[in-house]
Amino acid sequence: MWKTVGYYNGEIGPLEEMKIPMNDRALYFGDGIYEATCAANRVPFAIEDHLDRMYNSLRLMEIPFQMDREQVKAELQKVIDAAEDSPIHFLYWQVSRGIGPRDHVFPGPGVEPTLMAYVKPHSMKPLDKPFRLISMEDIRFKLCNIKTLNLIPSVLANQRAAEAGCDEAVFHRGSRVTECAHSNVSILKDGVLRTAPTDELILPGITRKHLLALAGENGIPTLEEPFSMVELMNADEIIVTSSSALCMRVEAVDNIPVGGRDPGRLKVLQDAYLAKFRRETTK
Ligand code: PLP
């Protein structure tokens with residue numbers, strides 16, 4: 001057992017000591033896709049949803065990954081089971097197009113995609129600790145619906161956010177809010193939960209999907225329509241969702257106080273989310 005565990009094409013070991021072939025296309029082109037979720041009691045949360053999205057990303061990227069869901073789940077479970085105890089583990093995995101000499105064109109049919117994963121201890125921020133955001137023009141490409149490894153604009157945005165003492169960056173294209181650098185963003189306004197539609201401008205977040213379903217179950221109407229920066233700033237609550245932080249409220253955007261006007265509905269959603277996470281990760 002190791003504190004942080006690495007996995008590459010069937011090989012498992014301490015993450016810091018793992019080595020991968022230099023010709024893995026993930027290194028040259030970011031030519032691959034990834035997924036991430038938390039596990040509690042060594043049960044990965046919402047694994048079926050993540051596998052659905054993984055196979056969809058692979059299809060859109062035309063990566064001929066041959067492993068079926070049960071095989072992938074079994075491999076990921078080996079990585080989780082090789083980790084030292086922790087109340088929560090973070091599970092990351094990625095599939096690249098494979099190993100081959102650097103060439104912009106896809107490699108030939110003999111090249112198998114690679115599966116890489118790691119597990120590390122994780123702690124979630126308490127849901128009542130609010131996030132602070134900075135806003136930024138969304139300069140990413142139009143493949144945001146695919147969970148590709150190409151994350152440079154998000155890396156730069158999160159660096160700017162950290163430098164500004166913020167937790168996340170919220171992106172907008174012109175006035176239209178898209179999502180955050182590594183989360184989705186939704187608002188509560190006049191009792192309605194509103195979030196951008198799942199087009200090519202945002203990642204279809206699993207947590208976003210769950211939040212919409214939980215709102216429905218709790219009598220909160222939902223609307224999947226774009227909203228503007230002005231609507232964001234005037235929202236009753238702003239909610240940031242991701243697999244690693246679940247569902248966080250926002251107290252400031254660009255140092256301007258926001259939200260705080262619908263704490264009741266916000267708490268209903270956060271409590272429902274936490275209950276779902278606990279229920280579905282109980283052995
Ligand atoms: N949007 C982007 C750009 C992300 O990178 C992520 C997560 O990594 C999300 C949204 C949230 O997705 P999920 O809820 O599936 O973690």
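## Residues around the ligand

In this predicted model, 17 residues surround the ligand, and those that come nearest are K147, E179, I206, T207 and S243. By residue class, the shell around the ligand comprises five nonpolar, eight polar and four charged residues.

## Polar contacts and burial

Two side chains offer an N or O atom to oxygen atoms of the ligand. For T207, the distance from a side-chain N or O atom to a ligand oxygen is 2.5 Å. For K147, a side-chain N or O atom is 2.8 Å from an oxygen atom of the ligand. S183 takes part through its backbone: one of its backbone N or O atoms is 3.5 Å from a nitrogen atom of the ligand. The ligand taken alone exposes 390 Å², of which the protein buries 92%.

## Pocket and contributing elements

The largest pocket is where the ligand sits. Three elements give two or more residues each to the shell around the ligand: strand β9 (176-180), helix α5 (206-217) and strand β13 (237-242). I206 and T207, both among the residues that come nearest to the ligand, fall within the range of α5 (206-217). E179, also among the nearest, falls within β9 (176-180).

## The six-stranded sheet

Strands of a sheet pair through backbone hydrogen bonds, in a parallel or an antiparallel sense. Here, six strands form an open sheet in the order β2-β1-β6-β5-β3-β4, and the pairing is antiparallel. Its edges are β2 (11-14) and β4 (43-44), each of which pairs on one side only.

Strand β6 (residues 114-121) pairs with β1 (residues 5-8) in the antiparallel sense over four bridges. In this pairing, V5 stands opposite V119 of β6. Strand β5 (residues 88-96) also pairs with β6 in the antiparallel sense, over eight bridges. There, Y92 stands opposite Y118 of β6.

Conventions: Residues are numbered from 1 along each chain as its sequence is written. This is a predicted model: local features need pLDDT of at least 70, side-chain atom pairs count only at pLDDT 80 or more; totals for chains, interfaces and linings use all residues. Side-chain values use heavy atoms; hydrogens and water are left out. A residue is near a molecule or strand if one of its heavy atoms lies within 4 Å of it. A polar contact is a pair of N or O atoms within 3.5 Å; within protein, one must be able to donate a hydrogen and the other to accept it, and residues adjacent in sequence count only if both atoms are side-chain atoms. Accessible areas come from the Shrake-Rupley method with a 1.4 Å probe; for residues, only the protein chains shown count as cover. On a 1 Å grid over the protein atoms alone, a cavity is a set of points where a 1.4 Å probe fits but cannot get out, and a pocket is an open set with protein on both sides within 12 Å along at least five of seven lines; lining residues have an atom within 4 Å of a point. A molecule sits in a cavity or pocket if more than half of its atoms lie within 2 Å of its grid points. Ala, Val, Leu, Ile, Met, Phe, Trp, Tyr, Cys and Pro count as nonpolar, Asp, Glu, Lys and Arg as charged, and the others, Gly among them, as polar. Two strands pair if DSSP finds at least two bridges between them.
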